[in-house]
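Me: I am new to this structure and should like to be guided through it by questions and answers. Please begin once it is displayed.

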Amino acid sequence: MNWWSSNRLRLIQNNLREMDADMNVDLLMKELQEFQANVLMMNAGGIFAFYPSALEHQYVTPYLHTDLLQEAILKSHKLGMKFIARFDFSKAHESLFEAHPEWFYRDRNGQEVNYYGIVHTCLNGEYQQEKSIESITEVLEKYPVDGIFFNMFGYQHWDYSGNHYGPCYCENCRRRFQKVCGAELLDYTGPEHELHTAYLHFQELTSREILSKIHHRVKSRWPDIAISTYHPHKVDIIRKESNTSLIRSLPLWLYSASENVASVVSSWDDKIVSNCSINAIDLTYRFTGVSPYETEVRLYQNIASGSGLDFCIIGAFEGYPDRKNFAAAQEIFRYHAAHEHIYGSLASMAEVILIKPRAAEAGTEYLGLFKMLKESHVLFDVIVEDQITAMRHKLAAVKAVILPGLQRPQPDTKETLGDLLKQGVALLATGNALRDDAEALSGWFGAVHTGDLDMLPAAYLQVSDADRFPSLKEREWITVSGGFAHVQFDPSKIECCMPYIEPASFGPPERAYGHRVGESYGLGISNPANGGTAAYYTWNPGVLYYRHGFEDHKHAVTDILTRLTGESLLKTELPVSTELFLNRTDQGHVLLQLLNLSGFNGTTYMEAIPLFDQIIELNTMGTPARAYSLCSSEAIPINVEGNKVTLSIPRLKRYEAIVIEMDPALKKEVT
């Protein structure tokens, strides 16, 4: 087993500035021990080398007077830590541009991007294609590093100030685009252009090719070196980031770390994820951190969702002007160190799988559904669209699969989903899913898209059917906006629900009338003779819930999901602001984790409001011997009646983890 396979990383990244080359390494080691970190990630090469490189293309920081990289590696190893060498080949010093301009990015006008003396390179140029691998090889030959990480891997269309330059149009990119796509790259102008799909394919293909080259070079000689970046191809550790930006559109995403981790842990069996909590509030303000309460939420979501811990600051700890987050991070790192035997290989108990769609335009629909499921305490996993076939065994083990905005699935993906439906797994689709795949839309959901899309305001959906929508009792209409697809359902196979209330005048008040029931429906539910039920929403409840937060849109989905899945393993009246996780442990027990997200008001993270005497019921999980808190070591009251296990949680501050030990003499298979 490789050193990272245990999935118990407690990683600190010191993102060094060139002037940090003379840092006090002994003081850094002392700070890392305060965190009980077991992995250090620090700069090695790329934009600047922090070691005396012999390569002409590797610019060495002028502040380097000793071999910082060697000292940091040796002292990390002495303390039992692993060391990941960080590289950034997306840019290089302007002196290299002067010597080799053909290695660098060019905009449509042939202009380079020089950002304060650091120039953007091109993925298809010799610098990234060849010289980067020479730099990696030099470091691995000279130093006993345990892993390598690439920052800003792939195609970079923006500078650090957020200025957009678009695709690279250098001769290397034009030549490769012509070879791959049979078209002239200069004809491509952006996402609205007819070549956009071809350009995305070109990006993905060339990114995978260079990752394959790096993987071959590294693993052929150093098989125990972990490879890490943000792209999943040929890497061991997929890196993600929970970060903030002062210019990012609202709403703030409360589940950043949970979603980052969840979208990886169930999608690959041969990779782990390390989700970095970025301390800084923005790239432009690297020396002021986010709220300590936000840091708490991110780090607890990391370990609760199935990752280790990962925390990053700019520069060294010495002299860093904002230490406010350090105590909170250290407490969580130390907690993980004390209980790491529990974490790292938690097994899923999910009843639902949410598919993360490939299409970027479906992202908001997906996030809205993720939020709904979290707030409703549905036990669910996430699998990315491209991994559906590879993870067929996991999809077959749940009751329902949700397809938000999935458009034209690949043939193998389509076959897998069809087989799941035949085997009795329910499918639920939202966000105008499968609009581009008439065969799947008709075969699975008995639906035909008419091609009409109603974007008018003041439309509604009728939800007065209390049997289908018990949570919407006393509310006959709910709003629908931003795109209602007119779909014809086969009445012989489909229950047509949510009649469409056509738009009418909404002003002045004297003219606010005239709505009438149309011929379209917002939901069709199959009534299968054999196989699973299929529910199709002709609108976008996820988008509406993500943007506006009206619970109507959540209940319109979760009420139907409850019908599809039947009795749940878990019942609770926990507030929606409590995030819940339930997993099996390596020891054959059950781990219940609760994260109190109260104190978040939409734009500010504050201290969580304690909860008292919360009740949780678990069904058909066997007979427990006892339950206790990992956080306090105290026993948790537990009651067993037949197949029902009831736990009473006396107090929940920010986070609680409860081990439910199963009686080995009476233990059943947990379902």
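**Strands, salt bridges and surface**

Reply: In this predicted model, β27 and β28 run antiparallel and are joined by seven bridges.

Me: Which residue in β28 stands opposite Glu 579?

Reply: The two strands β27 and β28 run antiparallel. Within this pairing, the residue of β28 opposite Glu 579 is Leu 595.

Me: Which residue takes a positive phi in the hairpin of β27 and β28?

Reply: The hairpin has five residues between its strands. One residue there has a positive phi near 90°, namely Gly 588.

Me: How many bridges pair β28 with β33, and which residue in β33 stands opposite Leu 591?

Reply: The pairing of β28 with β33 is antiparallel and extends over six bridges. In β33, the residue opposite Leu 591 is Val 659.

Me: What is the order of strands in the open sheet of five strands?

Reply: The pairing in this open sheet is antiparallel. β14 (347-348) and β30 (624-629) stand at its edges with a single partner strand each, so one side of each is left without a neighbour in the sheet. The order is β14-β27-β28-β33-β30.

Me: In β27, what is the bridge partner of Ser 348?

Reply: Strand β14 is joined to β27 (residues 578-584) by two bridges, and the two run antiparallel. The partner of Ser 348 in β27 is Asn 583.

Me: Which residues point each way from β28, and are they buried or exposed?

Reply: Val 590, Leu 592, Leu 594 and Asn 596 point one way from the strand, while Leu 591, Gln 593 and Leu 595 point the other way. The strand is mostly covered, with seven of its seven residues counted in this class. Both groups are buried.

Me: Which helix lies across β27, β28 and β33?

Reply: The helix in question runs at about 160° to β28 (590-596). It comprises residues 292-305 and is named α8.

Me: Which are the edge strands of the open sheet of four strands?

Reply: This sheet has antiparallel pairing and the order β26-β29-β32-β31. An edge strand here pairs on one side only, and this holds for β26 (570-572) and β31 (638-641).

Me: What is the average twist from one strand to the next in this sheet of four strands?

Reply: The strands follow one another in the order β26-β29-β32-β31. From one strand to the next, the twist averages 20°.

Me: Which residue in β32 stands opposite Val 640?

Reply: Strand β31 is joined to β32 (residues 644-652) by four bridges, and they run antiparallel. Opposite Val 640 in β32 stands Val 645.

Me: How many salt bridges does the structure hold?

Reply: Side chains of opposite charge can pair when their charged atoms come close. The salt bridges in this structure number 36.

Me: How many residues apart in sequence are the parts that Asp 236 and Lys 219 tie together?

Reply: Asp 236 and Lys 219 form a salt bridge with their closest N and O atoms 2.9 Å apart. Both residues are buried. Asp 236 lies in the loop between β8 (226-229) and β9 (237-242) and Lys 219 in helix α6 (residues 196-221), so the parts tied together are 17 residues apart in sequence.

Me: Which strands hold Arg 239 and Asp 310?

Reply: The side chains of Arg 239 and Asp 310 meet in a salt bridge at 2.8 Å, N to O. Arg 239 counts as buried because its relative accessibility is 1%, below the 20% limit, and Asp 310 is also buried, at 0%. The pair ties together parts that are 71 residues apart in sequence, since Arg 239 lies in strand β9 and Asp 310 in strand β13.

Me: Which residues are joined with Lys 371 into one network of salt bridges?

Reply: Lys 371 forms a salt bridge with Glu 375, the closest N and O atoms being 3.0 Å apart. Both lie in helix α10 (residues 363-375), four residues apart, about one turn of the helix. Through salt bridges that share partners, Lys 371 is joined into one network with Glu 375, Glu 551 and Lys 554.

Me: Is Ile 247 buried or exposed?

Reply: Ile 247 belongs to a nonpolar surface patch with Leu 246 and Tyr 285, and together they have about 380 Å² of accessible area. Ile 247 is placed in the loop between β9 and α7 (256-265). Because its relative accessible area is 75%, over the 50% limit, Ile 247 is exposed.

How values were computed
Residues are numbered from 1 along each chain as its sequence is written. This is a predicted model: local features need pLDDT of at least 70, side-chain atom pairs count only at pLDDT 80 or more; totals for chains, interfaces and linings use all residues. Side-chain values use heavy atoms; hydrogens and water are left out. Two strands pair if DSSP finds at least two bridges between them. Axes are lines fitted to C-alpha atoms, for helices over the stretch in contact, and angles run from 0 to 180 degrees between N-to-C directions. A salt bridge is a side-chain nitrogen of Lys or Arg within 4 Å of a carboxyl oxygen of Asp or Glu. Buried means under 20% relative accessible area, exposed over 50%, partly exposed in between (1.4 Å probe, protein chains only). Patches are made of residues with over 30% relative accessible area and no salt bridge: like charges are joined within 9 Å, nonpolar side chains (Val, Leu, Ile, Met, Phe, Trp, Tyr) within 5 Å. Accessible areas come from the Shrake-Rupley method with a 1.4 Å probe; for residues, only the protein chains shown count as cover. Contact means heavy atoms within 4.5 Å.
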